[in-house]
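Reader: Hi! I am in my first year and would like a close look at one part of this protein, the nonpolar core and what surrounds it. Could you walk me through it slowly?

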Amino acid sequence: MAQAHKLDCESVSDTCRFIIQSENEEEAVELAQKHMKEVHGQEYTEDELQNDHMQVV
Ligand SMILES: [Zn+2]
């Protein structure tokens, strides 16, 4: 079964319910990085997102 990489923005923000889920890790991280920057004005490195915020489901 394929694994998906998921970012649940609710774990980062109380008000945002944005969820990214993709089987392509690169794509998921890229989308997450973009979302964090555009919506929350926060810059995360790929490592930070992967290690601290993203889950493999
Ligand atoms: Zn968000």
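Author: Happy to; here is a walk from the overall layout to the core and its surroundings.

This is a predicted model, in which local features need pLDDT of at least 70 and side-chain atom pairs count only at pLDDT 80 or more, while totals for chains, interfaces and linings use all residues. Residues are numbered from 1 along each chain as its sequence is written.

Let us start with the layout. The protein chain has two helices and three strands, and from the N terminus on they run β-β-α-α-β. Helices (H or I, at least four residues) and strands (E, at least two) are DSSP runs, numbered from the N terminus. The C-alpha atoms of the chain fill a box of roughly 35 × 20 × 15 Å along the principal axes. For 57 residues, a compact globule would have a radius of gyration near 10 Å, and the 10 Å of this chain agrees with that. That radius is taken over C-alpha atoms, and the globule rule is 2.2 Å times the number of residues to the power 0.38.

Now to the core. A residue is buried if 20 or more other C-beta atoms lie within 10 Å of its own, exposed if 12 or fewer, and partly exposed in between, with C-beta atoms placed from the backbone. Buried residues make up 18% of the 57 in the chain. The largest nonpolar core has eight residues: Leu 7, Ile 20, Ala 28, Val 29, Ala 32, Met 36, Leu 49 and Met 54. Such a core is a set of buried Ala, Val, Leu, Ile, Met, Phe, Trp, Tyr and Cys residues joined through C-beta atoms within 7 Å. Helix α1 (residues 25-40) gives the largest share of this core, four residues. In soluble globular proteins, nonpolar side chains tend to be buried together.

What lies on the strand side? There is an open sheet of three strands in the order β2-β1-β3, with antiparallel pairing; two strands pair if DSSP finds at least two bridges between them. The edge strands, each pairing on one side only, are β2 (19-22) and β3 (54-56). Strand β1 (residues 5-8) is joined to β2 by four bridges. Two core residues meet here, as Leu 7 has Ile 20 in β2 as its bridge partner. Helix α1 packs on the sheet and touches β1, β2 and β3, its direction making about 165° with that of β2. Axes are lines fitted to C-alpha atoms, for helices over the stretch in contact, and angles run from 0 to 180 degrees between N-to-C directions.

Next comes the other helix. The axes of α1 and helix α2 (residues 46-53) come within 10 Å and cross at roughly 100°. The two are therefore roughly perpendicular to each other, a label for angles of 65 to 115 degrees, where under 35 counts as roughly parallel, over 145 as roughly antiparallel and the rest as oblique. Val 29, Ala 32 and Gln 33 of α1 make the contact with Glu 46, Leu 49 and Gln 50 of α2; being in contact means that C-beta atoms, placed from the backbone, lie within 7 Å. Leaving aside neighbours within four places in sequence, Val 29 is in contact with Glu 46, Leu 49 and Gln 50.

For contrast, look at Glu 25, which is found in helix α1. Glu 25 is partly exposed, because 13 to 19 would be the range between the two cut-offs and 15 other C-beta atoms lie within 10 Å of Glu 25.

How values were computed
Contact = placed C-beta atoms within 7 Å.
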